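Please walk through the strand pairings of this chain with the structure open beside the text, moving from one strand to its neighbour and ending at a charged part of the surface.

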Amino acid sequence: MRFWLMKSEPDDVSIDDLAGRPDQTVPWYGVRNYQARNFMRDSMRVGDGVLFYHSGCAEPGIAGIARVAGEAYPDETQFDPASKYFDPKATRENPRWMHVDVAFVRKTRLLGLSELRSHPELENMRVLARGNRLSITPVEPGEWRFIVGHLLGATDLQDWK
């Protein structure tokens, strides 16, 4: 099992939006960075843990826990000329952009950047690196355990499922 931090602008899809969907699942569409795409395509597996991160808002930070609910498949928005994510170079025979389905596990208290930065246990976390703009980053198992177990107070590290 691997762990990920996935950023979403809450005006687009928030943790509350995910929780309110009938199946509590959303395709993680619109990723247009090759490294983030490669994480979804090559490394993510069903059941992997996700820290759901609100970005591009007044108070960015971890807002909930989710899990990867489906293997990577082509992002349909790349084929839609009306979509802001349209890619004229993408074809159904050779899609350029992939996504995975992400399922709600639970909403958490907001863990903001300043709080995350205040813990030496998280000093190497990629989301905290200066200049990091990736919408998807790997989370080390120790970072996951510290965030879920210590900061969010899970008594059983498996209760995030």
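In this predicted model, strands S1 and S3 run parallel to each other and are paired over six bridges. One of the contacts that fixes the register can be read from Trp4, whose bridge partner in S3 is Val50. Val50 also serves as a link to the other neighbour, since its bridge partner in S4 is Ala66.

The pairing of S3, which spans residues 49-54, with S4 is antiparallel and likewise comprises six bridges. At one end of this pairing, His54 has Gly61 of S4 as its bridge partner. The two strands form a hairpin with six residues between them, and within that turn Gly56 has a positive phi of about 60°.

How many of the residues of S3 are buried? Six of the six are, so the strand is largely enclosed by the rest of the structure. In a regular strand, side chains alternate between the two faces of the sheet. In S3, Gly49, Leu51 and Tyr53 point one way, while Val50, Phe52 and His54 point the other way, and all of these residues are buried. With buried defined as under 20% relative accessible area, both sets of residues in S3 meet that cut-off.

Continuing across to S4, which covers residues 61-68, one finds a strand that is mostly covered, with seven of its eight residues buried. S4 is joined in turn to strand S7, residues 101-112, by seven bridges, and these two strands run antiparallel. A residue pair to locate here is Ile62 with Leu111, the latter being the bridge partner of Ile62 in S7.

Returning to S1, residues 3-8, the chain leads through a loop to helix H1, residues 15-20, and Asp12 lies in that loop. Is Asp12 buried or exposed? Asp12 falls in between, being partly exposed because its relative accessible area is 37%, a value that lies between the limits of 20% for buried and 50% for exposed. Asp12 belongs to a negative surface patch, which is formed together with Glu9, Asp11 and Asp17. Membership in such a patch requires over 30% relative accessible area and no salt bridge, and the 37% of Asp12 satisfies the first of these conditions.

Key:
Residues are numbered from 1 along each chain as its sequence is written. This is a predicted model: local features need pLDDT of at least 70, side-chain atom pairs count only at pLDDT 80 or more; totals for chains, interfaces and linings use all residues. Side-chain values use heavy atoms; hydrogens and water are left out. Patches are made of residues with over 30% relative accessible area and no salt bridge: like charges are joined within 9 Å, nonpolar side chains (Val, Leu, Ile, Met, Phe, Trp, Tyr) within 5 Å. Accessible areas come from the Shrake-Rupley method with a 1.4 Å probe; for residues, only the protein chains shown count as cover. A salt bridge is a side-chain nitrogen of Lys or Arg within 4 Å of a carboxyl oxygen of Asp or Glu. Lys and Arg count as positive and Asp and Glu as negative; His and the chain ends are not counted. The place of a charge is taken as NZ of Lys, CZ of Arg, CG of Asp or CD of Glu. Helices (H or I, at least four residues) and strands (E, at least two) are DSSP runs, numbered from the N terminus. Buried means under 20% relative accessible area, exposed over 50%, partly exposed in between (1.4 Å probe, protein chains only). Two strands pair if DSSP finds at least two bridges between them.
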